[in-house]
Amino acid sequence: MKGRRLKRKGFVLLEVLLALGILAGAVTAFTLAMYQVAQLSDYGRREGEIQRILDSALTDAAMLPILEPIVYDYQLEEMDGIEMQVVVETIEDLESQEGQVVTGLLRVQVIARFNVDGEPVERTAETWRYSRLYQ
């Protein structure tokens, strides 16, 4: 009877150690999953902020009183490390459905350049404007 009791105690210890191992694995997997969710959330927030900045800069550039071909760069004061470039260029060789050449059409493009984890990233937003419409 005494030998059976020792065997049972050893078996219970093994069960406890096995349960702790399984629990540790589950906690580790849960922690890694939460870390990845936090990273994705941060990435989504950052992408949304960049898109808001691009949309705002595009609206500002497209509504200039005199819209003409130009390229200019500037730094954002509210977001450190983001370089912006506005490119306004004439679209040439564009024909209407009737085959007539369309003149006075400008492409307004805003380019944001920044680094993510040491890697250079570029995001672009653009629109087209008819220059005579804004004169």
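Which residue takes a positive phi in the hairpin of E3 and E4? In this predicted model, that residue is Asp117, whose phi lies near 55 degrees in a hairpin with two residues between the strands.

## The hairpin of E3 and E4

Strand E3 covers residues 105–116, and strand E4 covers residues 119–130. The two strands run antiparallel and are joined by twelve bridges, with Asn115 standing opposite Pro120 in E4.

Asp117 belongs to the loop between E3 and E4, and its phi is positive although Asp117 is a residue other than glycine. With a relative accessible area of 77%, Asp117 lies over the 50% cut-off and therefore counts as exposed.

## Asp93 in the preceding loop

A positive phi is also found at Asp93, which is not a glycine and for which the angle is about 60 degrees. Asp93 is placed in the loop that lies between strand E2, residues 83–90, and strand E3. Because its relative accessibility is 75%, and exposed means over 50%, Asp93 counts as exposed.

## A nonpolar patch and helix H1

On the surface, Val12, Leu13, Val16, Leu17, Leu20, Leu23 and Val27 make a nonpolar patch of about 620 Å². One of these residues, Leu23, has its place in helix H1, which comprises residues 2–62.

Notes
Residues numbered from 1 in each chain as written. Predicted model: local features only at pLDDT ≥ 70, side-chain atom pairs only at ≥ 80, totals over all residues. Heavy atoms only, no water. Helix = DSSP H or I, 4+ residues; strand = E, 2+ residues; numbered from the N terminus. Buried < 20%, exposed > 50% of the residue type's maximum accessible area, 1.4 Å probe, protein only. Patch = residues over 30% accessible without salt bridge, like charges linked within 9 Å, V, L, I, M, F, W, Y side chains within 5 Å. Areas by Shrake-Rupley, 256 points an atom, 1.4 Å probe, with all protein chains shown as cover. Salt bridge = Lys/Arg side-chain N within 4 Å of Asp/Glu carboxyl O. Pairing = 2+ DSSP bridges.
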